[in-house]
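Subject: Structure handover and notes

Hi there,

As promised, I am passing the structure on to you. Please have it open while you read, and my notes follow right below.

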Amino acid sequence: MELSSDIVETSTNSRSRFKKTKGPKDVQEDRLSNLPDSILIHILSFLPVKDAVNTVLLRRFGSLWCSLRTLDFDGRSYDNLSDDRYNKWFFDFVHHVLLLHESPTIFKFSLKFGSYLYFLPNDIRPNRRKKHLKSKFADKVGSWIKFAVKKKVKVLDLGILAHGSSTTRFDYDLPNNVLTCDSLTELKLVSIGLNEKSQVHMRLLKTLSLTTIVLSDAMIERILSGCPLLERLSIIQCCGIRKLNCTSTYIKNLMLVLGECSLVTVEISGPHLSTLHISGFGHVDLKNLSSLVEATIDLCFGGACPVDGYFNVGMVLEKLHHANTFTICNWCILVLTLWELTGVPCPTSPRKFMTLKTPLTKWHLPGISSLLRASPNLEMLSIHIEAEASVIYTGDDLRLGISGIREGNYWDNKIWLISHDFDEKIYWNSKLPFSCLLNHLKTVKISGFVSNLYLLPLAKFLLGHSCMLEKMVIYTGQSIRQAHQLSSDLLEFPNELSELSQKLSHFPRASDRVVILFS
């Protein structure tokens with residue numbers, strides 16, 4: 001008999017074994033006890049499953065955990081899963097919970113074991129070392145997924161990874177019944193194999209995220225055609241893709257994080273896309289993006305970009321110029337620095353909102369200058385000052401570390417940069433005000449590591465030339481957290497913040513309406 005059948009059949013009327021006993025009439029119940037079961041079950045859904053199960057020891061909760069509609073099993077929260085004893089305990093625990101589960105439907109089923117944290121992108125390759133999931137465990141995982149599908153699950157989140165090193169991940173193929181599940185609205189898969197010949201028909205799916213999975217153009221085309229209501233697609237560090245043709249009128253949001261294994265140029269077309277995020281190592285060829293409203297570009301070249309890489313950034317900027325909201329990050333700003341120092345103009349854009357994510361070194365200043373000159377209609381400028389290491393945030397449980405730009409590395413020592421050297425202390429003094437500063441810029445937001453030594457000269461330039469500026473907001477939260485981590489600097493940080501505030505308050509201002517706020 002299948003495990004999933006056993007679970008459904010043996011869970012019937014299981015709650016009768018957990019009868020509530022009435023207390024003495026003179027004992028007054030607390031407010032929690034007076035809440036209806038539905039509210040208590042909703043409260044339990046915010047707890048880790050193992051903690052929700054432990055509420056069986058509380059008289060009022062009893063077996064309410066058996067009716068949870070959110071089941072989140074994360075083996076990474078348990079001790080040393082590389083030990084077979086803990087593996088067995090985790091698998092037995094999941095089996096027990098599903099065995100007693102009573103709700104006829106499940107909203108979310110999440111199953112993860114292993115590590116989602118990668119420090120080196122070159123650890124993520126399609127030719128990974130095989131470490132097949134043991135057959136007895138694979139069968140159990142398959143039965144659990146089948147159980148969730150039978151319960152009409154809406155959100156399915158699966159990550160089957162080996163514990164520890166990302167180069168020893170488990171090989172596990174997704175059961176075919178998932179790709180034909182007609183109840184799913186959201187599907188997230190990490191390091192799981194997809195059968196190239198699988199049929200895809202998920203008529204209600206709106207969100208799909210694929211991470212470190214070997215794909216093909218044929219598979220992507222089958223997925224897009226089999227998910228007619230798909231709105232958000234994330235493809236993160238996947239290999240084998242050459243073309244993404246998102247023609248559906250429903251799909252609005254695309255995130256593509258390229259990996260080092262993406263040696264070919266990926267062609268992207270999406271006439272109805274409103275939001276596009278491109279990051280990672282590699283090149284893209286952008287086609288029809290006529291409906292684009294918001295764009296993020298975070299391509300990385302590791303400080304050794306070939307000449308065609310610079311041209312690729314130019315093509316991307318040209319194709320994204322009509323996006324009203326634009327975010328550009330570290331390495332692409334450095335490419336614009338090269339252009340600025342060699343007299344190559346940045347493509348002009350009518351954008352009104354722009355975000356810069358950068359460590360803000362000396363070599364980022366010309367790139368920022370180029371962007372301001374190319375944005376004559378800019379109304380809001382956000383500057384997020386990163387730490388030395390640049391990290392790609394994917395929106396999922398995965399962060400992909402990429403070596404960042406910092407003083408003393410490749411960019412400082414290259415001959416072509418040295419030949420265009422400049423005095424960063426007086427860099428902004430030599431710049432004439434840009435059109436956006438004179439006519440449109442109303443808001444400047446600065447966050448991240450606000451103690452960065454290049455921030456004050458830039459802020460002084462913006463305050464002194466932005467005639468329409470209404471407010472400059474400094475967000476200090478991240479710098480405070482950093483000071484807490486470095487206890488030796490904790491006492492000095494308030495003084496630094498006070499000094500920053502005083503200097504900003506004494507800078508000349510082109511606008512008599514501007515206020516400077518600290519948050």
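Glutamate 424 has a relative accessible area of 22%, so this residue counts as partly exposed. Please keep in mind that the model is predicted. The side chain of glutamate 424 meets that of lysine 362 in a salt bridge, with 3.4 Å from N to O. This pair links distant parts of the chain, 62 residues apart: lysine 362 is in the loop between strand S15 (353-358) and helix H10 (365-373), while glutamate 424 is in the loop between H12 and H13. Is lysine 362 buried or exposed? Lysine 362 counts as buried, because its relative accessibility is 11% and the cut-off for buried is under 20%. The two partners therefore fall on either side of that cut-off, with 11% for lysine 362 and 22% for glutamate 424.

The loop between H12 and H13 has a part in another salt bridge too, through lysine 431. Here the partner is glutamate 340, and the closest N and O atoms are 3.6 Å apart. Glutamate 340 sits in helix H9 (residues 330-341), and lysine 431 follows in the loop between helix H12 (415-418) and helix H13 (435-439), 91 residues away in sequence. Both glutamate 340 and lysine 431 are buried. Which residues are joined into one network by salt bridges that share partners? They are Glu340, Arg373 and Lys431.

Next comes a pair between two helices. Aspartate 92 and lysine 140 form a salt bridge whose closest N and O atoms are 3.8 Å apart. Aspartate 92 belongs to helix H5 (residues 84-99) and lysine 140 to helix H6, so this salt bridge ties together parts that are 48 residues apart in sequence. Aspartate 92 is partly exposed, because its relative accessible area is 32%. Lysine 140 also counts as partly exposed, because its relative accessibility is 25%. If you would like a total for your setup, the count of salt bridges comes to 12.

Helix H6 (residues 135-150) is also where you will find glycine 142. What does glycine 142 touch, apart from its neighbours within four places in sequence? The contacts are with Tyr172 and Pro175. Aspartate 173 is 31 residues from glycine 142 in sequence, and the two C-alpha atoms are 9.4 Å apart in space.

Now to a sheet you may like to look at. It is an open sheet of 3 strands, ordered S8-S10-S12, and the pairing is parallel. S8 and S12 are the edge strands, each pairing on one side only. On average, neighbouring strands of this sheet are turned by 15° against each other, with direction ignored. S8 (residues 243-245) pairs with S10 (residues 266-269) over 3 bridges, in the parallel sense. Within that pairing, leucine 244 is opposite isoleucine 268, and asparagine 245 is opposite serine 269. On to the other pairing: S10 and S12 (residues 284-286) run parallel and are joined by 3 bridges. There, glutamate 267 of S10 faces its opposite residue in S12, aspartate 285. As a general reminder for viewing, side chains in a regular strand alternate between the two faces of the sheet.

There is a patch on the surface to mention as well. Which residues form this nonpolar patch? Leu32, Ile39 and Ile43 do, and together they have about 220 Å² of accessible area. One of them, isoleucine 43, is placed in helix H3 (residues 37-44). Isoleucine 43 counts as partly exposed, because its relative accessibility is 36%.

Finally, some totals for the chain. The secondary structure comes to 17 helices and 21 strands. Of the 519 residues, 50% count as buried. The accessible surface of the protein chain is about 24300 Å², and carbon and sulfur atoms account for 54% of that surface. Among the contacts between residues at least 6 apart in sequence, 67% join residues at least 24 apart.

Do write back if anything in these notes is unclear.

Best wishes

Key:
Residues numbered from 1 in each chain as written. Predicted model: local features only at pLDDT ≥ 70, side-chain atom pairs only at ≥ 80, totals over all residues. Heavy atoms only, no water. Helix = DSSP H or I, 4+ residues; strand = E, 2+ residues; numbered from the N terminus. Contact = heavy atoms within 4.5 Å. Pairing = 2+ DSSP bridges. Buried < 20%, exposed > 50% of the residue type's maximum accessible area, 1.4 Å probe, protein only. Areas by Shrake-Rupley, 256 points an atom, 1.4 Å probe, with all protein chains shown as cover. Axes fitted to C-alpha atoms, helices over the stretch in contact; angles between N-to-C directions. Patch = residues over 30% accessible without salt bridge, like charges linked within 9 Å, V, L, I, M, F, W, Y side chains within 5 Å. Salt bridge = Lys/Arg side-chain N within 4 Å of Asp/Glu carboxyl O.
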